[in-house]
There are 2 protein chains.
Amino acid sequence: MNTNYEHIKVIGFDADDTLWVNETYFRDAELAIAKLMAPYETANTIDQELFKKEIENLPLYGYGIKGFVLSMVEMAIEISNNTVSNKTISSILDIGKDMLNKPVELLDGVEETLKTLSKSHRLILITKGDLLDQERKMEKSNLTQYFHHVEVLSDKKEANYSRLLEHLNIKASQFLMVGNSLKSDILPLVNIGANAIHVPFHTTWLHEQVSEEETYKKEYQTITGLTELKKILNQHLIQS
Amino acid sequence: MNTNYEHIKVIGFDADDTLWVNETYFRDAELAIAKLMAPYETANTIDQELFKKEIENLPLYGYGIKGFVLSMVEMAIEISNNTVSNKTISSILDIGKDMLNKPVELLDGVEETLKTLSKSHRLILITKGDLLDQERKMEKSNLTQYFHHVEVLSDKKEANYSRLLEHLNIKASQFLMVGNSLKSDILPLVNIGANAIHVPFHTTWLHEQVSEEETYKKEYQTITGLTELKKILNQHLIQS
């Protein structure tokens, strides 16, 4: 693939599972609720029912931990036929609080990559989800200094990115997005003529998964970690 | 009071209870939960316990309906000594969903005021709370056309406003904030040297209430409705 990052002025970074661990905590929460609800159903059914509930509530609750917890409570009541104990519901609330209190665990090479790139490009953190939660993680991460600012979007669709580019007053070709989710961080950007680099994380929420058809002939590069990004963009800087 | 709005370039508007009804829906929800929990406690105690729970959870959940619902569930379990029925918990979840689905009811004179002022000033909507919920209300309100953009802050303290002014690249003296909450929309602005106009709403959440001491000698103007704002700023335009 012939990629040219010469004209890039601004680089947008996804946060969850691109800069730090996130999905792993949702997976852990799913294991915890499957255990709590084991008297009523198999882990597989609980997983499926929770996912259905999350998708059903997504237009109303949006992304983030609080909506996830509300969906867990609702699922627990339904799956138990209105017999789940108050103690179990309290435990579900606690799962959510634990998630919100989790420390921020940076992925490999994140800090040095941001440090290097912040000298040559304007970096922006672009996340979706809960504003307070994302700000809190940002602060805990100690990465604030490398970013020009943080954009928390209610969703990451083409329209959200187009508005953002308009706001930044740059052309799509001058923007590069880096993230782990093909659906949220890569395809919408490629579709509006911007650049995108995919850094897969080892686990992806079902809702973020895309079909082969959707990625067919879409132009984006895939790397295995952020350290590689530094090389790609530095190489360009040296050549130009 | 001698107020001079000559140098104002940007006007920030609070949204909830300044442009549209909001607190009323929280009051209604509090009445509804007091009714649901009537078998366990007096309305007064339920109110107090819910407020305590909200404040306790505020650092973790932040502002907005989802955190409010999670606090209601937690309070219901505690106040009932772990005996509240699944049906009641489901009803609490439904209270939250109803709140999120409420239509947007504009306050008097809002649209014409924004329409007029948007011709002479850059208007920005500045809210705190849930990003998705605020975006949804903004869309339902049909007011988007009058605003340059929307800022959803995780909190409305001096530091949040200072960062905003920096981002807008204007001096504090060039900024005017209009809102119903002394604590969130007025005092922090006055304290950083910006202008503020208070438009009280008939009901204020306890957490947003301030003492007389806090407002003593603070310079801000109070008006009874947004229509008055149009007059104040238009008058200035005509005079200058």
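**The sheet of chain A and the contact between the two chains**

In the predicted model described here, A:Ala194 lies in the loop that connects α8 to β5 of chain A. Although this residue belongs to a loop, A:Ala194 counts as buried, because 26 C-beta neighbours are found inside 10 Å, where 20 or more are needed for that class. When residues up to four places away in sequence are not counted, A:Ala194 touches A:Ala172, A:Phe175, A:Met177 and A:Leu189. The C-alpha atoms of A:Ala194 and A:Lys183, which are eleven residues apart along the chain, are separated by 15 Å.

Two of the residues touched by A:Ala194, A:Phe175 and A:Met177, also appear in the description of strand β4 (residues 175-179) of chain A, a strand that is mostly covered, with five of its five residues buried. In a regular strand, side chains alternate between the two faces of the sheet. For β4(A), both faces are covered: A:Phe175, A:Met177 and A:Gly179 are buried on one side, and A:Leu176 and A:Val178 are buried on the other.

The sheet to which this strand belongs is open and is formed by six strands of chain A in the order β3-β2-β1-β4-β5-β6, with parallel pairing. At its edges stand β3 (149-153) and β6 (221-222) of chain A, each with a single partner strand, so one side of each is left without a neighbour in the sheet. Within the sheet, strand β1 (residues 10-13) of chain A pairs with β4(A) in the parallel sense over four bridges, and A:Val10 stands opposite A:Phe175 in β4(A). Four bridges likewise join β4(A) to β5(A), and these two strands run parallel; here A:Val178 stands opposite A:Ile197 in β5(A). Between these two strands the chain crosses from β4(A) through helix α8 (residues 182-191) of chain A to β5(A), in a β-α-β crossover that is right-handed. The pairing of β5(A) with β6(A) is also parallel and extends over two bridges, and the bridge partner of A:Ile197 in β6(A) is A:Gln221.

A residue in another loop offers a contrast in burial. A:Leu206 is placed in the loop between β5 (195-198) and α9 (212-215) of chain A, and A:Leu206 is exposed, because 10 other C-beta atoms lie within 10 Å, while a residue counts as exposed at 12 or fewer. A:Leu206 and A:Lys156 are 50 residues apart in sequence and 16 Å apart in space, C-alpha to C-alpha.

Turning to the two chains together, 27 residues of chain B are in contact with 27 residues of chain A. On the side of chain B that touches chain A, the elements that give two or more residues are α2 (43-61), α3 (65-79), α4 (86-101), α6 (131-141) and β3 (149-153) of chain B, and by class this side has 13 nonpolar, nine polar and five charged residues. Chain B can be laid on chain A with an RMSD of 0.0 Å by a turn of 180° and a shift of 0.0 Å along the axis, and the two copies are thus related as by a two-fold rotation axis. The same surface serves both copies, since 100% of the contact residues of chain B recur in chain A.

The largest nonpolar core has 44 residues, of which A:Val73 and B:Val73 touch the most other members. The elements that give two or more residues to this core are α1 (23-36), α2 (43-61), α3 (65-79) and α4 (86-101) of chain A, together with α1 (23-36), α2, α3 and α4 of chain B. Leaving aside neighbours within four places in sequence, A:Val73 is in contact with A:Ile89, A:Ile92, B:Val73, B:Ile89 and B:Leu93.

Notes. Residues numbered from 1 in each chain as written. Chains lettered and ligands numbered in written order. Predicted model: local features only at pLDDT ≥ 70, side-chain atom pairs only at ≥ 80, totals over all residues. Contact = placed C-beta atoms within 7 Å. Nonpolar A, V, L, I, M, F, W, Y, C, P; charged D, E, K, R; others polar. Least-squares fit on C-alpha atoms with pLDDT ≥ 70 in both. Core = buried A, V, L, I, M, F, W, Y, C linked by C-beta atoms within 7 Å. Pairing = 2+ DSSP bridges. Right-handed = clockwise from strand over helix to strand, strands pointing away.
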